[in-house]
Amino acid sequence: QVQLVESGGGLVQAGDSLRLSCAASGRTFSSYTMGWFRQAPGKERQFVARIRSDGITYYTDSVKGPFTISRDNAKNTIYLQMNSLKPEDTAVYYCAADLDYTVRTWSGSGRPSYWGKGTLVTVSS
């Protein structure tokens with residue numbers, strides 16, 4: 001199994017930046033794709049970004065540019081740098097992970113096997 005713990009959420013103002021972290025433990029980290037989903041109140045959980053074990057990244061269209069996903073394999077940690085935050089970015093952000101071969105399912109109906117508890121990001125206007 002894989003355990004994921006998010007951190008870095010909080011309350012910020014529109015236009016500010018925030019960096020989320022997700023620390024992974026358990027099964028080997030290097031063979032996993034990891035990424036972020038988010039869920040606003042009353043909405044479905046949506047894909048945000050992912051990063052494969054080889055470093056290849058993919059983003060949903062709405063966050064391309066302002067958001068950057070990265071990973072530090074030595075620390076078993078991924079990050080989501082969020083710049084130019086808007087009120088519509090307010091959501092619980094969930095870290096997720098699965099084997100690399102599942103990667104192309106994430107932006108569609110597929111979902112990763114492992115999830116963190118989530119961290120709340122609130123962007124005020």
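**Exercise 1. Find the rings that have the charged end of Arg45 over them, and give the distances.**

Start with Trp115: the charged end of Arg45 sits over this ring, 4.9 Å from its centre. The test for a charge over a ring is NZ of Lys or CZ of Arg within 6 Å of the ring centre and within 35 degrees of the ring normal. Next, try Tyr94: the charged end of Arg45 also sits over that ring, 3.6 Å from its centre.

A quick note on what you're looking at: this is a predicted model, where local features need pLDDT of at least 70, side-chain atom pairs count only at pLDDT 80 or more, and totals for chains, interfaces and linings use all residues. Residues are numbered from 1 along each chain as its sequence is written, and side-chain values use heavy atoms, with hydrogens and water left out.

**Exercise 2. Work out which aromatic cluster Tyr94 and Trp115 belong to.**

Pull up the rings of Phe37, Phe47, Tyr58, Tyr94, Trp106 and Trp115: they form one aromatic cluster. Rings of Phe, Tyr and Trp (its six-membered ring) pair if their centres lie within 6.5 Å; planes under 30 degrees apart count as stacked, over 60 as edge-to-face and the rest as tilted. Searching the whole structure turns up six aromatic pairs.

**Exercise 3. Place Thr102, then say whether it is buried or exposed.**

First, location: Thr102 is in the loop between β9 (91-99) and β10 (114-115). Strands (E, at least two residues) and helices (H or I, at least four) are DSSP runs, numbered from the N terminus. Second, accessibility: Thr102 counts as buried because its relative accessibility is 13%. Buried means under 20% relative accessible area, exposed over 50%, partly exposed in between (1.4 Å probe, protein chains only). Third, its partner: the side chains of Thr102 and Trp106 share a polar contact of 3.3 Å. That takes a pair of N or O atoms within 3.5 Å; within protein, one must be able to donate a hydrogen and the other to accept it, and residues adjacent in sequence count only if both atoms are side-chain atoms.

**Exercise 4. Describe the backbone and setting of Asn76 and Ser84.**

Take Asn76 first: its phi is positive, about 50°, although it is not a glycine. Asn76 sits in the loop between β7 (67-72) and β8 (77-82), and is partly exposed at 28% relative accessible area.

Now Ser84: phi is near 50°, again positive in a residue other than glycine. You'll find Ser84 in the loop between β8 and β9, partly exposed at 45% relative accessibility.
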